[in-house]
Amino acid sequence: MKYRYSTLAPVDLNAKWTKRPMLQIEVFGAQESRSFEALIDSGADISLFNTEIAEVLGIEVSSTHERKFTGISGTIPGYLVENVKIRIDGINDSLFIPVCFVQSPTVGLLLGGEGFFDQCRIKFEKHHDTFEVDLVRK
C-alpha cells in the first residue's frame, strides 16, 4: 500500500518543514482498540509506544520484563509486551509485534525493526513524497 509522507511544521519558524513516514494504525488492547499516528523509524531496534497508550487500552505492563533503551533522549526504562496487535490503515490483516512501552515526553508511537520490519516490506521514496508498506508472509 502506498502512503504520502506527512508534513510537520517546524518549532522554529525559520527552519524547514519536515516530512516523515507516518502511518495511521489501530492498536488493540484487552477490551478496545484506538487509532493513532505512528512514525516508521528505521533506526529503532524495536517498536516503542508511550505508556499512556497502554493505560488507555488496558494493556498490562507492570508484570512484564523491564528493558533499558538508549536513544536521542538518553537511557529510559521500557516494559516489553511480546504480542501487541496492530492493524495498518489500508491493510486488512493484523500484525502481532513486540512493543516496549516507555514513559517519555519524546516518544509517541515508533514502529521499529524487531517485529514490524520483520513482517513488512517497506520502501521509502522520499524524492517522490511517498513510501510503501506491504505485509510479508513467511
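What we have here, in a model that is predicted, is a protein with two helices and 12 strands. Reading from the N terminus, the elements run β-β-β-β-β-β-α-β-β-β-β-α-β-β, with one of the helices following the opening run of strands and the other placed before the final two strands. The radius of gyration is 15 Å, close to the 14 Å that the globule rule gives for 138 residues, so the protein is as compact as a globular protein of that length.

As for overall dimensions, the C-alpha trace spans about 45 × 35 × 25 Å along its principal axes. Buried residues account for 44% of the 138 residues, and the accessible surface comes to about 8200 Å², with 49% of that surface belonging to carbon and sulfur atoms. If we take the contacts between residues at least 6 apart in sequence, 55% of them join residues at least 24 apart.

Let me turn now to the pockets. The largest pocket has a volume of about 620 Å³, and of the 28 residues that line this pocket, the closest to its centre are D41, A44, L48, V107 and L110. Which elements give two or more residues to the lining? They are strand 5 (33–40), strand 7 (65–71), strand 8 (74–88) and strand 10 (109–111), and strand 5 gives the most, with four residues. Sorted by class, the lining of the largest pocket holds 16 nonpolar residues, alongside eight polar and four charged ones.

Notes: Residues are numbered from 1 along each chain as its sequence is written. This is a predicted model: local features need pLDDT of at least 70, side-chain atom pairs count only at pLDDT 80 or more; totals for chains, interfaces and linings use all residues. Side-chain values use heavy atoms; hydrogens and water are left out. On a 1 Å grid over the protein atoms alone, a cavity is a set of points where a 1.4 Å probe fits but cannot get out, and a pocket is an open set with protein on both sides within 12 Å along at least five of seven lines; lining residues have an atom within 4 Å of a point. Grid points are joined across faces, edges and corners, and a volume is the space filled by probe spheres set on the points. Ala, Val, Leu, Ile, Met, Phe, Trp, Tyr, Cys and Pro count as nonpolar, Asp, Glu, Lys and Arg as charged, and the others, Gly among them, as polar. The radius of gyration is taken over C-alpha atoms; the globule rule is 2.2 Å times the number of residues to the power 0.38. Buried means under 20% relative accessible area, exposed over 50%, partly exposed in between (1.4 Å probe, protein chains only). Contact means heavy atoms within 4.5 Å. Accessible areas come from the Shrake-Rupley method with a 1.4 Å probe; for residues, only the protein chains shown count as cover.
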